[in-house]
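Visitor: I'm new to reading protein structures, and I'd love a close look at the inside of this one. Could you walk me through the core, and then show me what surrounds it?

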Amino acid sequence: MSREPPNIAVTGSSGAGSSSITRAFEHIFRRERVKAVYIQGSAFHRYTRAEMQEELLRAKQEGRSLTHFGPEGNHLDKLESLLFQYAVTGTGVYRYYLHSKEHADAMGQEPGTFSPWKMMKKKSDLLYYRGLHGGAISDDIDIAQYADLLIGIVPNINLEWIRKIQRDTSMRGYTKAEVRQSIIDRMSDYVNHITPQFSRTHVNFQLVPAVDTSDPFNMPVYPTDSESLLIISFRDGTQVDFVRLKSMLPESFMSRRDTIVVPGGKLTHALEVVLMPMIHELVETSRKIRGIKKPPKKKKCGLIGMLGQSIG
C-alpha cells in the first residue's frame, strides 16, 4: 500500500552488512537529492543498558525470556505509532539510543541511555528505519504494514555468532561462555520474532561465507565480504529486470528465477544497483502526489543521521 511520504524499513541484525547498507543509502539519497529522516531501531528498546542488566537478572529468576529480539524488550507500539504518524503527517515523535561515549557526552548523558523524545521537523522526503523490527508483527501490532519498501539484511547465523563473540569479548568484557549463553537465551525470540520478518520483505540481501565457519566459537578472524557470496532474493521476481542486473553486476549468476548471486566484495555496489530504481520510483511518485518539485542539484540533502548530523 502506497503512503505519502514513504517509509523505508531495513530490518535485520546490526552486523549483517550494516555499514555497507548505510553507505549505499547515503549515496542513493545524495544522488536522488532526498532528505531522509533516519530512525534507529535501538531507540525503541524498552530499557537503558543498566536497566536491561537488572531486568535480565529478574527475568532469569522468574524463568522467563527477555531479549532485544522479542517484544518484551522493546516499545513496538511506539515504533508502530511513529511509522503511522509519519505516513499521514510527515512527522512523528522519536529519540536516539546513545551507544557511544561520544554521542552520550554530546547530550550530557551516560552511554546506554536515551535522548529525550521529541517531534521531528517536517519537510523530509521519506523516513528511513534501520533496526531489528522493521517487518515485525506481534499480537495486535503490525509494523510491516507501514513499510512502502521493506528490505531484509539477513544474517548467516554462524557469521552473526562470530561477530557477536568477537564484539562482546573484545569490546564489552564478556567471556566466551557468557556470550554462548546469551546466544542460547536469545534463540527463541530470534526464531519467533526476527526470522519471520524476512518472509515479508520485498527484497533480501544475505552474505554467505565461502570459507569454513563451522565452529563460530573458535573463529579468530571474521570472514570478509570478499570471502563471501551475496544472495539477493526478491519477493516478486517477475517485476525484476534480471538481464539489467546481471549486466551491471559482473560475475553474478541466477541460482533461482527470483534470486541472483553476486561476489560479496560487490556488496555496496549491488545494494545501490538494486535499490536505486526502487527508491527513485517511491520518491518521485510521492513528490508528484504532493506537488513537490525535485530540489536543484546545488542543494545538499543528505541522510539525516545520529543527533541530526549526516552519516558518513
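Guide: Happy to! Please keep in mind that this is a predicted model. Let's begin with the largest nonpolar core, which has 38 residues. Within this core, the residues that touch the most other members are F25, I151, F205, I232, L275 and I279. The biggest contribution comes from helix α8, residues 267–290, which supplies ten residues.

Now pick out I151 and look around it. Leaving aside residues up to four places away in sequence, I151 touches I8, A9, V10, T11, I21, F25, T201, V203, F205 and L275. Three of these names, F25, F205 and L275, may be familiar from the list of residues that touch the most other core members. There is also another core, lying apart from this one, with 23 residues, including A43, F44, L76 and Y96.

F25 deserves a second look, as F25 forms one aromatic cluster with F29, Y38 and Y128. The structure holds eleven aromatic pairs. Take F84 and Y146: their ring centres are 6.0 Å apart and their planes meet at 65°, so this pair counts as edge-to-face. F84 belongs to helix α3 (residues 76–89), while Y146 sits in the loop between β9 (141–142) and β10 (149–154), so the pair ties together parts that are 62 residues apart in sequence. The two partners differ in how much of them is covered: F84 is partly exposed, at 45% relative accessible area, whereas Y146 is buried, at 11%.

Next, follow helix α6, residues 176–194. This helix has 19 residues, yet the C-alpha atoms at its ends are only 24 Å apart, short of the 27 Å that a straight helix would reach at 1.5 Å a residue. If you look along α6, you will find a kink of about 40°, centred on R186. R186 is also one of the buried residues of α6, together with V179, I183, D189, Y190 and I194. Part of what covers these buried residues is α5 (157–170).

From there, turn to T213, in the loop between β11 (203–209) and β12 (228–234). T213 has 9% relative accessibility, and because the cut-off for buried is under 20%, T213 counts as buried. Its contacts, apart from residues up to four places away in sequence, are N158, I162, M219 and P223.

Finally, let's look at charged side chains. The count comes to six salt bridges. One of them joins R58 and E55, with the closest N and O atoms 2.7 Å apart. Both residues lie in helix α2 (residues 49–62), three residues apart, about one turn of the helix. An α-helix has 3.6 residues a turn, so residues three or four places apart point the same way. R58 is partly exposed, at 36%, while E55 counts as buried, at 16%.

Helix α4 (residues 101–107) offers a pair of its own, K101 and D105, four residues apart. Their side chains meet in a salt bridge at 2.8 Å, N to O. Here K101 is exposed, at 57%, and D105 is partly exposed, at 44%. Another salt bridge, at 2.6 Å, links R64 and E62, and R64 is partly exposed, at 38%. To finish, find D125, E284 and R287, which are linked in a network of salt bridges.

Note on methods
Residues numbered from 1 in each chain as written. Predicted model: local features only at pLDDT ≥ 70, side-chain atom pairs only at ≥ 80, totals over all residues. Heavy atoms only, no water. Core = buried A, V, L, I, M, F, W, Y, C linked by side-chain atoms within 4.5 Å. Buried < 20%, exposed > 50% of the residue type's maximum accessible area, 1.4 Å probe, protein only. Helix = DSSP H or I, 4+ residues; strand = E, 2+ residues; numbered from the N terminus. Contact = heavy atoms within 4.5 Å. Expected span 1.5 Å × (residues − 1). Bend = angle between axes of the 7 residues up to and from the residue. Salt bridge = Lys/Arg side-chain N within 4 Å of Asp/Glu carboxyl O. Phe/Tyr/Trp six-rings, centres within 6.5 Å; stacked < 30°, edge-to-face > 60°.
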